[in-house]
Amino acid sequence: MANAQHPGGGSGVEVTLSRDLRLFDVMMIGIGAMIGAGIFVLTGIAAGQAGPALVLAFLLNGIVTSFTAMSYAELGSAFPEAGGGYLWVKEALGGAQGFLSGWMSWFAHAVAGSLYALAFGAFMVELWTNVLGLPIITTTVLGFSGHEFTRLLFMTAIAGTFTYINFLGASETGLIGNVITTTKVVILLVFVAFGLGAMFGDPNWKALYTTNFMPNGLSGVLTAMGLTFIAFEGYEIIAQSGEEVIDPKRNIPRAIFGAIIVVVIIYVLVAFTAIGATRVPPEYGDIPVWEYLSIEKETAIVRAAEQIIGHLGGLLILVSALASTMSALNATTYSSARVSFAMGRASNLPKLFSEIHPRRHTPMWAVVFSGILIVVMAWALPIEGVAAAADIMFLFLFIQVNTAVMILRHKMPELERGFTIPGFPIVPVIGILSQVALLVFLFQYEASAFASAIGWIIGGLLLYFIVFSRIEEREKPAEVILEEVLVSADYSVMVPVATQEQARILGKIGAIIAKDHGGEVLALYVARVPPQLTLSDGRYLLKEGRPYLETVIQQAKQYDVPVHTMIRLGRNVAESIRKTAIENASDLIVLGWPGYTTSTGRLFGSVIDPVIDDPPTDIAIVRYRRQRPLRTVLVPVSAGPNSRRAVNLAVSMARQAEEGPARVDVMTVIPHDCPRNIRIRARQAINSAIEGSRDYEHLEMLLVEGHDIVTAILEKSREYDLVVMGSTEEPLFRNLLTGSIPARVAKLAEVTVIIVKRRSGIIRSMLRQTVLAPSTGIGADGRRLPEAEALQAPPPPLEPEG
């Protein structure tokens, strides 16, 4: 057991789980979960859909599974904590989405545990009566038949046993799981070895795979993939164990991929052998082998083993089935306990779930309640429908995790990852699409399961919003450590400041814009908290930001504008700025830029780039120069909404000029001796840009001739006191922020330049946060783009604003 400050937690000491699991241990947990009852129960049923192509269905399922497994490998190596997908979704999406991921994961693993326990009970009754010849209860008990009641008793006994084993600790859990998993793998390999020997002794075995390979076509293969998908979900449990794995950054990705490779090989070999070595008994008539296996359903592998090895083979497969259900039950009990433990630690379940046994170092109550949930559901619920709902919840969780891995690439690019997804973001996108397709299949196959899933989700949401969201809000450390509001205004201009120069210049510009709109200035200082400290410990930084906020207040007083001040703690300054803008419904963010950046791979800097890459509101980037009285403003425009916003902002500032309304010249650059249609289009661009500002009396329109747009704007700007430009509307998939023209003008102009960019639309914002890579100055070939190269070096020396 270790005492540690839990990331994002309060200032108190947090108790964490001990690291006892080696690479082999955690890989065997995943293999044990994947080679569960599915290989025995589903092989015959799936063969009836895919025919001999069942081998292909298992192989394709392994490939499809790998897309999401890569997301688990990346995030599991970056966040090696108990909770797995729940913690990642909570970090990326937060709030109700984070709670739902844990709520669904806990339920899904518990229901899977109920299934494995019930399967163990059924196999045990078979062994008890048909092999050992022992009697069972024959009278009705509590409304159950004697056979069913005996099965439930075996189920309860095995569920209680593995609840106790998980209570003992991860090392005991891993040791017993290793023994059970090794046993069933060895038995299955014996079955495969005897089966291959029988196959290769028959010269006609190839005809089974060369004739009518896909009897039901591709749709049959896809159906079989959907039916057997549950058999590949065990890798998720490997990520759940991250807090107890030795060297998790290295071992979690290796365990995930190692387990999937082993399981796919075993599944393919078992399917290949079962279809190739089994012969149809005469009493079934002239039907193909795969159809015979589909008739036998869950006993298909047992019947195949009896043919290949004899009665001893059937007994071995029965023993393997018992071992499989036990190891899968062990893994799901372990996983459901870790999810509920993480939820309790995050105040998404009662704190009781987060208590750790002082000697065993295990989440004792999380284990106990998960075990109770497994037993209660097996006794009380129509388990088949709920099991299908669990499948649906797993798919919803996987969709959330694939989304989370893309968002966290944007939010935490500096995070140390033991594995990174190749071909990002194509791989997680394919994972999401494949899971949506399987959800569609499950809806067609078992529509009632969706009702169960929706019911559980609605119940969870009610609990979250009524109870746990309030507890979560009350117990999480406060990020805002100082906030002073004089009056409330409908229009808000946010001014993030980090230096006295920024506070003076941006405070004045923000006050001018707020004055024109009858609004307020929101002065924000973000105190960056180092990773080794908790957010609560960052309160000592309070005094650092107060002088900057006082400077903004003094600037705003000159224009009689109210100021809303805030000091916020955060680990990522850009994310804190975005949060504040969203929480306070800011209408405009004014950011300061010195004209260059020293941050490698950035265009405007490590703070500005993430904010303007996906603006939560309208943005104004100020490249400040020597202060001048505002008499004339130049607004170079092109067609587009950013130009219109630039004109509006220029007019706002011109109206509030200290010496009276300033002149605003809206211009566009045209080639020398250009044809008439070019001039018409240029005037149309200006007319579009000044829409909404035509009532300003001191507005002029200019056409300026020039061979180079940037040169023409720079030459013309020497006649003005301020330049305001709209950001270039780049194509969505081009990896640039504001376009090279405004950035080059801002860097080289001798007067202050303001670049305006509109807020992102919903679809653009979603793509920016997930699929699209963060904007950088690096091209697809890995080289710095020319415009980024130009912005990297400091600009020519000019007298700064003073």
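Two strands count as paired when DSSP finds at least two bridges between them. Keep that in mind for the second stop, and remember throughout that this is a predicted model.

**Getting oriented**

Load the whole protein chain and show it as a cartoon. You should be looking at 28 helices and 13 strands. The chain has 802 residues, and 57% of them count as buried. If you draw a contact map, take the contacts between residues at least 6 apart in sequence: 81% of those join residues at least 24 apart.

**Stop 1: the strands β4 and β5**

Select residues 492-496 for β4, then add β5; the two pair in the parallel sense over 5 bridges. For one of the bridges, pick Val-493, whose partner in β5 is Val-521. Now colour residues 520-528 by accessibility. Of the 9 residues in β5, 8 are buried, so the rest of the structure largely encloses this strand. While you have side chains on, recall that in a regular strand they alternate between the two faces of the sheet.

**Stop 2: α3 against α9**

Two packed helices are described by the angle between their axes and the distance between the axes. Select 54-78 (α3) and 217-228 (α9): the angle is about 60 degrees and the axes are 9 Å apart. That puts α3 oblique to α9, since an angle under 65 degrees but not under 35 falls outside both the roughly perpendicular and roughly parallel ranges. The crossing of α3 past α9 is right-handed.

Show sticks for the contact itself. From α3 you want Ala-57, Phe-58, Leu-60, Asn-61 and Val-64, and from α9 Val-221, Ala-224, Met-225 and Thr-228. Which classes do these residues fall into? There are 7 nonpolar and 2 polar residues, with no charged ones.

**Stop 3: α12 against α13**

Next, select 289-296 (α12) and 300-308 (α13), whose axes come within 8 Å and cross at roughly 120 degrees. These two helices are therefore oblique to each other as well. Their contact is made by Tyr-292, Leu-293 and Glu-296 of α12 together with Ala-300, Arg-303 and Gln-307 of α13. By class, this contact has 3 nonpolar, 1 polar and 2 charged residues.

**Stop 4: Thr-156**

Jump to α6, residues 146-168, and centre on Thr-156. Is Thr-156 buried, exposed or partly exposed? It counts as partly exposed, because its relative accessibility is 28%. Leaving out residues up to four places away in sequence, Thr-156 touches Val-375 and Trp-379. Also try a C-alpha distance from Thr-156 to Ala-117: they are 39 residues apart along the chain, and the separation is 7.6 Å.

**Stop 5: backbone oddities**

Most residues other than glycine have a negative phi, and most peptide bonds are trans. Here are some exceptions to click on.

- Phe-424 to Pro-425: this peptide bond is cis, with omega near 5 degrees. Look for Pro-425 in the loop between α16 (383-411) and α17 (426-445).
- Ala-585: phi is near 50 degrees, a positive value in a residue other than glycine. Ala-585 is in the loop between α21 (573-583) and β7 (588-593), and it is exposed, with a relative accessible area of 53%.
- Asp-673: not a glycine either, but phi is positive at about 55 degrees. Find Asp-673 in the loop between β10 (663-670) and α24 (676-689); at 74% relative accessibility, it counts as exposed.

Key
Residues numbered from 1 in each chain as written. Predicted model: local features only at pLDDT ≥ 70, side-chain atom pairs only at ≥ 80, totals over all residues. Heavy atoms only, no water. Axes fitted to C-alpha atoms, helices over the stretch in contact; angles between N-to-C directions. Helix = DSSP H or I, 4+ residues; strand = E, 2+ residues; numbered from the N terminus. Parallel < 35°, antiparallel > 145°, perpendicular 65-115°, else oblique. Left-handed = near helix turned anticlockwise from the far one by under 90°. Contact = heavy atoms within 4.5 Å. Nonpolar A, V, L, I, M, F, W, Y, C, P; charged D, E, K, R; others polar. Buried < 20%, exposed > 50% of the residue type's maximum accessible area, 1.4 Å probe, protein only.
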